[in-house]
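This report describes a single protein chain, with attention to charged side chains, fold and backbone geometry. The sequence and the structure are shown first.

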Amino acid sequence: MAFVILDPCRGEKAGECVSVCPVDCIEEGIKQFYIDPDICIDCGACKAVCPVSAIEEEYDLTPDQEKYLEEAEEFFANR
Ligand code: SF4
Ligand code: SF4
C-alpha cells in the first residue's frame with residue numbers, strides 16, 4: 001500500500017510533502033507532485049503537512065480517485 005497525491009495538489013504544488021518524506025519518494029511532475037508507490041512506506045508524514053489535504057492512503061481512494069495512483073505509477077515507470 002502507498003499514499004497517493006490527488007488533484008488538490010494541482011493548484012498548490014509548493015512541495016511541503018517532499019521535505020518530510022523519510023524515503024525521498026515524492027517528485028514533481030508537470031501537473032502535480034507524485035508519490036512512488038513502490039517506495040512509499042506508509043508513514044503518513046506527507047499527509048500531515050499538506051495544506052490542501054491532497055494526500056490519501058491508497059485503500060481510502062474512491063473509484064474515481066484510482067486514476068491518480070495509475071498516474072503516479074506511469075510517472076515513475078516512464079522517467
Ligand atoms: S504538500 Fe500537498 S499540495 Fe503541496 S506539493 Fe505536496 S501534495 Fe502537493
Ligand atoms: S507516506 Fe511517508 S513514505 Fe509515503 S510518500 Fe508520504 S512521507 Fe513518503
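## Lysine 31 and its partner

Lysine 31 has a relative accessibility of 43% and therefore counts as partly exposed, since that class lies between the buried limit of 20% and the exposed limit of 50%. As with every value in this report, the figure refers to a predicted model. Lysine 31 pairs with glutamate 71 in a salt bridge whose closest N and O atoms are 3.7 Å apart. The two residues connect distant parts of the chain: lysine 31 belongs to the loop between E2 and strand E3 (33-35), glutamate 71 belongs to helix H3, and 40 residues separate them.

The environment of glutamate 71 is described by a relative accessible area of 18%, and this residue is buried because the value falls under 20%. The contact thus joins a partly exposed lysine 31 to a buried glutamate 71.

## Further salt bridges

Side chains of opposite charge can pair when their charged atoms come close. Under the criterion of a Lys or Arg side-chain nitrogen within 4 Å of a carboxyl oxygen of Asp or Glu, the count comes to five salt bridges. One of them is formed by the side chains of arginine 79 and glutamate 27, with an N to O distance of 2.8 Å. This pair, too, links distant parts of the chain, with arginine 79 in the segment after H3 and glutamate 27 in strand E2 (residues 26-28), 52 residues apart. Arginine 79 has a relative accessibility of 59% and so counts as exposed, whereas glutamate 27, at 28%, counts as partly exposed.

Another salt bridge brings together the side chains of lysine 47 and glutamate 56, at 3.2 Å from N to O. Both partners are partly exposed: lysine 47 has a relative accessible area of 36%, and glutamate 56 has a relative accessibility of 22%. Elsewhere, Arg10, Lys31 and Glu71 are joined into one network by salt bridges that share partners.

## A negative surface patch

Which residues form the negative surface patch? The patch consists of Asp38, Glu66, Glu70, Glu73 and Glu74. Of these members, glutamate 70 is located in helix H3, which spans residues 66-77. Glutamate 70 is partly exposed, at a relative accessible area of 44%. This value satisfies the accessibility condition for patch members, because it is over 30%.

## Overall architecture

The protein chain contains three helices and four strands. Read from the N terminus, its elements follow the order β-α-β-β-α-β-α. The radius of gyration is 11 Å, close to the 12 Å that the globule rule gives for 79 residues, so the chain is as compact as a globular protein of that length.

Along the principal axes, the C-alpha atoms of the protein chain occupy a box of roughly 25 × 25 × 20 Å. Of the 79 residues in the chain, 39% are buried.

## Backbone at lysine 13 and aspartate 42

Lysine 13 has a phi near 55°, a positive value in a residue other than glycine. Lysine 13 is placed in the loop between strand E1 (3-5) and helix H1 (16-20), and its relative accessible area of 24% makes it partly exposed.

Aspartate 42 also has a positive phi, of about 60°, although it is not a glycine. This aspartate lies in the loop between E3 and helix H2 (45-49). With a relative accessibility of 32%, aspartate 42 counts as partly exposed.

## Two separations in sequence and space

Is cysteine 17 buried or exposed? Cysteine 17 is buried, with a relative accessible area of 9%, and it is part of helix H1. Cysteine 17 and proline 51 are 34 residues apart in sequence, and their C-alpha atoms are 9.4 Å apart in space.

Isoleucine 41 is found in the loop between E3 and H2. At 52% relative accessibility, isoleucine 41 counts as exposed, because the value is over 50%. Isoleucine 41 and leucine 6 are 35 residues apart in sequence, and the C-alpha to C-alpha distance between them is 18 Å.

Methods:
Residues are numbered from 1 along each chain as its sequence is written. Chains are lettered from A and ligands numbered from 1 in the order in which they are written. This is a predicted model: local features need pLDDT of at least 70, side-chain atom pairs count only at pLDDT 80 or more; totals for chains, interfaces and linings use all residues. Side-chain values use heavy atoms; hydrogens and water are left out. Patches are made of residues with over 30% relative accessible area and no salt bridge: like charges are joined within 9 Å, nonpolar side chains (Val, Leu, Ile, Met, Phe, Trp, Tyr) within 5 Å. Accessible areas come from the Shrake-Rupley method with a 1.4 Å probe; for residues, only the protein chains shown count as cover. Lys and Arg count as positive and Asp and Glu as negative; His and the chain ends are not counted. The place of a charge is taken as NZ of Lys, CZ of Arg, CG of Asp or CD of Glu. Buried means under 20% relative accessible area, exposed over 50%, partly exposed in between (1.4 Å probe, protein chains only). The radius of gyration is taken over C-alpha atoms; the globule rule is 2.2 Å times the number of residues to the power 0.38.
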